[in-house]
Amino acid sequence: MQKGFYSGRWTYAALVAPILVLIFLFFYVPVGLAFFWSLFLERPFGGGSQFVGLDNFARVLSDAEFWDALKRTAIFMIVAPSLAIGISLMLALAADRGLRGSSAARNIIIWPKAVAGASIGVVFVFVFNPFLGIFAPLNEIWPGFWNPRIDGTDAFITIVVAQVWNGIPFNFIILLSGLQTIPDTVTKAAVMDGASPWRRVWDIQIPLLTPQLFLTFVLEFVGTVVEAFGLIDTMTEGGPGGATTLLIYKIYVDGFKAYDLSGAATQTVILMLFVLIMVALQFRLEKHVKYER
Amino acid sequence: MIERTRSIDIAARIILIVGVAFILAPLVIAFLTATLSYEQFVRNGGITLQVGTHFLDNLAYIWTETALPAQLWNSIVISTLVAAIKCAFAFTATFALVFFDNRLNRIVFGLTLVTVMLPLELVVITTYQIVANIAMPLNWILALTGLGEITGLGSDLRLSLLDTYVGVAAPIACASTSVFIYRQFFLSLPRDLPKAAAMDGAGPWRFMWDILLPLSWTPLVATFMFWFIGGWTQYLWPLVAASTPDAQPAVVGLARLATTEQDRIPEVPMLMTGALFVSFIPVLLIAVMQRQIVRGLNLSEK
Amino acid sequence: MRGDAIHLDAVTKSFGATPVIDAITATLGGGEFTVILGPSGCGKSTLLNMIAGLERLNSGKIRIGVREVQDLPPKDRGCAMVFQNYALYPHMTVEGNIGYALKVAGVRQPERSRRVAEAARVVELGGLLDRRPSELSGGQRQRVAIARAIVREPRVLLFDEPLSNLDAKLRHGMRMELSQLHRTIGATTVFVTHDQVEAMTLADKVMILNKGRIEQFDTPHAIYYRPASSFVAGFIGAPPMNLLPVTGGGGVLRLDDGTELARNPHEGPAILGIRPEKISIGDKGFAARVVYREDLGSHTAIVARLSGGQEVQVATPIGMHLDPADTITFDFPQDHLHLFDPATGLRLETP
């Protein structure tokens with residue numbers, strides 16, 4: 001970091017105090033409390049607590065439902081971001097060509113950012129309804145072709161589609177901004193070297209976009225872990241048969257419906273570590289994708 | 001440049017059309033359905049391209065018969081609070097980080113960095129406990145130090161922020177992404193600016209107020225809009241922190257309407273009207289202010 | 001003259017263990033134009049910032065006039081400064097930029113406008129007061145930065161490489177204007193630069209800094225004709241002075257291979273310095289071979305190699321036709337020689 005000019009300590013304290021108090025109270029205390037509770041057996045209605053060491057972890061880790069939820073979370077974390085980023089990349093490359101009407105398209109593509117997952121979930125339930133929705137005609141031809149209320153895979157697909165819909169805007173903004181900062185001279189040099197526009201997509205644009213692609217992956221990974229909650233809660237409530245119960249939803253149910261505070265806190269800790277390890281891994285990778293522009 | 005771009009332009013056009021269709025499809029379906037009366041909807045037996053005449057009727061129903069209008073107001077207040085806290089706190093803190101020479105800079109920056117990597121939804125269980133009794137950390141201190149005995153305060157103070165605007169907004173405002181955006185922006189300013197201000201007789205506060213604040217207008221407006229929208233679309237945390245319909249924001253209210261009466265045939269046109277009703281403010285915002293938001297966030301440089 | 005003298009007394013500054021300014025003591029005359037000149041990293045900007053009050057001293061004292069100022073904030077020192085990249089406030093108009101210091105100082109409106117207009121008139125900025133910095137050319141921004149500095153009627157005017165962002169032509173024009181401005185205002189002026197032309201043309205006195213120490217602090221004339229050290233000799237002049245290691249004995253100076261270069265009573269090893277334009281080419285002296293030639297219109301610059309392999313730069317009058325590989329004969333006139341101590345680099349006064 002470059003050296004700052006001012007040096008007054010009290011002024012400095014006054015400037016950073018608000019954010020520190022805020023994140024201490026509403027972030028660090030809850031995070032610390034989750035770690036603390038994962039080592040205790042908490043009674044739901046203030047019945048006191050008892051130190052149990054790693055028993056909570058043993059209990060959670062031996063629970064098949066936990067592993068199922070973790071596995072589904074992992075699959076979801078791979079499928080949804082890959083689709084969202086892949087589609088966003090194609091859209092960004094297309095929008096970057098500056099065709100007539102593309103500024104309107106650019107505007108519309110960002111709208112889903114302003115629509116809550118829980119709100120669009122309500123709409124998607126209807127859109128994917130086996131009898132009223134878009135697949136209803138197919139169901140009439142092949143009965144049972146599509147039914148997310150019964151078929152776990154169908155349900156999972158609806159959540160993925162909704163998540164992708166919700167996730168496109170942010171990735172699109174980042175990738176398009178990245179494309180627009182590719183220096184004009186580089187493009188011109190490639191033209192002089194005889195690279196066609198198609199060729200430049202692969203040889204110039206995507207390679208130079210690696211930092212932004214990387215950024216979108218990091219953000220999407222963390223985002224999808226938690227953002228799916230609003231979709232699941234309004235679309236499938238974890239069903240059918242737990243097929244869409246991701247870890248974030250299971251924690252909510254365990255903590256707020258079953259009042260298993262210690263179990264929920266323990267899973268919270270595991271999920272936090274999971275996210276932190278993923279982010280750390282991705283930042284290790286980052287060293288390989290940075291270019292000097 | 002003179003080159004043949006026909007094939008790639010056609011491909012680009014197709015991609016954009018398909019993409020826009022995918023984005024608009026659920027919104028259009030929601031709107032078309034929202035224009036139907038329940039009877040029309042049942043008669044159609046599914047999604048059709050018919051534009052009905054009952055949109056205003058449905059809207060009037062939402063307006064008078066549901067809690068959504070009041071909850072829309074809750075959303076406005078909560079989102080404004082979230083955006084204001086995020087912008088103001090991050091602004092002063094980033095000013096300190098970039099323009100002050102202090103050994104704590106690295107630590108403060110690190111502490112804010114972690115809040116970005118662990119979203120609120122992850123720790124919703126324990127955040128709930130803290131917000132249910134914000135005096136809890138104080139109680140620990142009182143109990144651990146014995147001060148509670150000495151002062152007669154005890155160690156069982158209670159102050160619940162559940163069902164309050166601040167209680168819902170404060171934890172959402174913790175993610176300090178703004179610090180990165182402002183830091184990037186401050187570092188791009190001429191380095192001698194605080195020196196010039198010092199020569200003109202302006203100290204750090206005056207510099208922040210007279211020079212940095214007006215200069216930062218673009219990123220400030222953009223982040224404010226962005227966090228406003230971010231606060232609006234929150235779901236899990238408001239769902240648990242606001243248990244009564246009076247305190248819930250509109251997104252939670254809509255989801256409650258959709259999921260509590262499962263046994264009845266869902267009044268789909270009404271629900272779609274509701275979905276549009278709770279979404280139009282942020283969508284309008286992003287559609288109109290898009291240029292400012294994207295430019296101000298400056299996401300190209302991370 | 002209403003400028004105050006600046007007294008530096010053992011001024012020291014270090015970042016960590018490395019000293020940037022090493023116990024500098026000097027007096028910058030009241031109302032004089034002092035240029036601080038040195039290569040990058042010599043500490044010249046740090047010294048300027050310390051005079052301005054933008055950086056703390058580790059030890060030492062600074063007096064402006066009769067006041068000790070080293071512990072005063074910038075605004076109480078009576079200094080104003082023009083920055084390298086101007087550091088204009090991008091969101092304020094020209095008028096706002098110039099008047100900001102007055103506003104902070106609580107100067108009321110009609111008075112403020114009057115003084116802003118006056119400062120703008122001095123730097124010929126009239127008519128641009130409503131513009132923003134982004135709408136101005138480089139030279140115009142420069143004028144705003146200067147107007148912002150002089151509006152407070154400072155007793156000391158500080159410049160931190162203010163011309164380095166301008167193109168060559170503008171720079172020449174600004175040099176003349178700055179010189180005139182200094183004569184009208186009369187404030188003590190301290191001007192930091194790494195450009196020796198600016199130093200030689202603007203300064204009443206030049207302070208040459210190297211590694212945090214003063215190499216020489218004197219008039220431009222003295223710096224050119226009597227450089228105090230081999231560093232100054234090699235730094236000033238374009239092309240710079242030729243510096244050759246020689247040994248004196250028996251009234252002559254010789255290269256290591258024995259070539260006799262010039263007559264001089266010095267005994268023992270020394271560094272011989274001679275300016276390129278003082279070397280005469282004729283038929284008496286010693287031989288050298290031309291390796292490179294540049295025709296510059298006003299004169300011809302050549303690089304020649306001596307018998308011992310040393311390269312010497314020479315400026316010759318136009319009209320001499322020399323080609324690479326030609327052999328020519330040099331003469332080093334005795335009264336244009338400079339001798340420096342090979343160990344300390346300091347000037348040796350020939351007896």
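**Reading an interface and a sheet**

Across the interface of chain C and chain B, 6 residue pairs are in polar contact, both residues of each at pLDDT 80 or more. The model is predicted.

Me: How many salt bridges are there between chain C and chain B?
Reply: The count is 0.

Me: Which elements of chain C give two or more residues to the side that touches chain B?
Reply: They are α1 (44-52), β6 (79-82) and α2 (94-104) of chain C. The largest share, 4 residues, comes from α2(C). By type, the residues on this side of chain C divide into 15 nonpolar, 3 polar and 4 charged.

Me: How many residues does each chain bring to the contact?
Reply: Chain C brings 22 residues and chain B brings 15 residues.

Me: What area do chain C and chain B bury between them?
Reply: The size of an interface is often given as the accessible area lost when the parts come together. Here chain C and chain B bury about 1700 Å², with 66% of it on carbon and sulfur atoms. C:Tyr89, C:His91 and C:Tyr100 supply 30% of the area that chain C buries against chain B, more than any other three residues.

Me: What is the strand order in the open sheet of chain C?
Reply: Strands of a sheet pair through backbone hydrogen bonds, either parallel or antiparallel. This sheet has 5 strands in the order β15-β19-β16-β17-β18, with antiparallel pairing. The edge strands are β15 (280-282) and β18 (311-317) of chain C, and each pairs on one side only. From one strand to the next, the twist averages 50°.

Me: How many bridges join β16 to β19 in chain C?
Reply: 4 bridges join β16 (residues 286-295) to β19 (residues 327-331). C:Phe286 has C:Phe330 as its bridge partner in β19(C).

Note on methods
Residues numbered from 1 in each chain as written. Chains lettered and ligands numbered in written order. Predicted model: local features only at pLDDT ≥ 70, side-chain atom pairs only at ≥ 80, totals over all residues. Heavy atoms only, no water. Pairing = 2+ DSSP bridges. Axes fitted to C-alpha atoms, helices over the stretch in contact; angles between N-to-C directions. Contact = heavy atoms within 4.5 Å. Buried area = accessible area lost by both parts, 1.4 Å probe. Salt bridge = Lys/Arg side-chain N within 4 Å of Asp/Glu carboxyl O. Polar contact = N/O pair within 3.5 Å; in protein donor to acceptor, adjacent residues only side chain to side chain. Nonpolar A, V, L, I, M, F, W, Y, C, P; charged D, E, K, R; others polar.
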